[in-house]
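Me: I would like a close look at a single part of this structure, set in the context of the rest. Please keep it plain, and go step by step.

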Amino acid sequence: MRHCIYPGTFDPITYGHLDVLARAAKLFDRVTVAIADNPGKDPLFSAAQRLDLLQNSVKLPNVTITTFGGLLVDFALAQKADAIIRGLRALSDFEFEFNMALMNRHLQPAIETIFVMPNEQFSYTSSSLVKQVAKYGGDVSHFVPPNVATALKAAFKVR
Ligand code: COA
């Protein structure tokens, strides 16, 4: 059983993330989506909300979704995962991802990081840009599933 972790903040999940996840689910027997309970990033949605949004957006049988705190490699080890999977949207992602992969390898050599490239139509999608568009009433339906679009509308109404 090959098992990988797909980590991220997912604030919120986008079609770009779902594209990476679909590729991971084809490559591995099991995928655990790991939502970082990452207060440093001041997320719009709480970890519980992000979990709920993901659970309602993902329908793949070999995927489970959970939250985690602390070091990613410790979580991956505790889950007995073989690898971490990350998406590379464009060259600009490379340096950050490269440093993170090497740091994770330094911390835990047994866990490999694997990169996949999402469909190029998502190369400019990011959670921050989606939030910015939603905040000012723009249409985000091309970038996020309907439940996420609804949650974004609700979040910006109360702010
Ligand atoms: N489609 C759309 N957007 C994507 C994407 C894709 N395929 N891949 C990345 N992104 C965007 C996200 O939308 C996000 O955009 P934003 O910054 O505008 O919000 C950005 O790229 C990065 O987000 P994400 O992929 O969710 O990762 P992250 O950088 O927020 O999270 C963790 C990185 C959680 C994996 C990392 O912080 C971590 O491991 N934390 C735990 C602590 C730890 O172990 N630290 C040491 C690491 S060396």
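Reply: Two strands count as paired when DSSP finds at least two bridges between them. The model is a predicted one, and the part chosen here is strand 2, residues 30–36.

Start with its partners. Strand 1, residues 3–8, is joined to strand 2 by six bridges, and these two strands run parallel. One position in this pairing is V31 of strand 2, the bridge partner of C4. Between strand 1 and strand 2 the chain passes through helix 1, residues 15–27, in a β-α-β crossover that is right-handed. Strand 2 is also joined by six bridges to strand 3, residues 63–68, again in parallel. Here T32 has T64 as its bridge partner in strand 3, and A34 has T66.

T32 and A34 can be read with a general rule in mind. In a regular strand, side chains alternate between the two faces of the sheet.

How enclosed is strand 2 by the rest of the structure? Buried means a relative accessible area under 20%. Six of the seven residues of strand 2 are buried, so this strand is largely enclosed by the rest of the structure. A helix also packs here: helix 2, residues 47–55, lies across strand 2 and strand 3, and its direction is at about 175° to that of strand 3.

The next step is the sheet as a unit. It is open, has five strands in the order 3-2-1-4-5, and its pairing is parallel. The edges are taken by strand 3 and strand 5; each has a single partner strand, so one side of each has no neighbour in the sheet. On average, neighbouring strands of this sheet are turned by 30° against each other, with direction ignored. Strand 2 stands between strand 3 and strand 1 in the order given above.

Now the whole chain. The protein has six helices and five strands, and along the sequence they follow the pattern β-α-β-α-β-α-β-α-β-α-α. Its C-alpha atoms fill a box of roughly 45 × 30 × 30 Å along the principal axes. For 159 residues, a compact globule would have a radius of gyration near 15 Å, and the protein agrees, because its value is 15 Å. Of the 159 residues, 47% are buried. Among contacts with a separation of 6 or more, 75% are between residues 24 or more positions apart.

Beyond strand 2, the aromatic residues give a second view of the packing. There are four aromatic pairs in the structure. One of them is F94 with F98: the ring centres are 5.2 Å apart and the planes are at 25°, so this pair is stacked. Both residues sit in helix 4, residues 91–107, and because they are four residues apart, about one helical turn separates them. F94 has 41% relative accessibility and counts as partly exposed. F98, at 40%, also counts as partly exposed.

Another pair is Y124 with F143, where the ring centres are 5.9 Å apart and the planes are at 80°, so the pair is edge-to-face. This pair links distant parts of the chain: Y124 is in the loop between strand 5 (112–116) and helix 5 (127–135), while F143, 19 residues away, is in the loop between helix 5 and helix 6 (146–158). F143 has 16% relative accessibility and therefore counts as buried. Leaving out residues up to four places away in sequence, Y124 touches L129, H142 and F143. The C-alpha atoms of Y124 and A90 are 8.2 Å apart in space, although their positions lie 34 residues apart in sequence.

Helix 4 also holds a charged residue, E97. Is E97 buried or exposed? Its relative accessibility is 6%, so E97 counts as buried. Beyond its neighbours within four places in sequence, E97 is in contact with R86, G87, L88 and F115. From E97 to G69, 28 residues apart along the chain, the C-alpha separation is 19 Å.

Back to the part you asked about: strand 2 is bridged to strand 1 and to strand 3, and six of its seven residues are buried.

Conventions:
Residues numbered from 1 in each chain as written. Predicted model: local features only at pLDDT ≥ 70, side-chain atom pairs only at ≥ 80, totals over all residues. Heavy atoms only, no water. Buried < 20%, exposed > 50% of the residue type's maximum accessible area, 1.4 Å probe, protein only. Right-handed = clockwise from strand over helix to strand, strands pointing away. Phe/Tyr/Trp six-rings, centres within 6.5 Å; stacked < 30°, edge-to-face > 60°. Axes fitted to C-alpha atoms, helices over the stretch in contact; angles between N-to-C directions. Contact = heavy atoms within 4.5 Å. Rg over C-alpha atoms; globule rule 2.2 N^0.38 Å.
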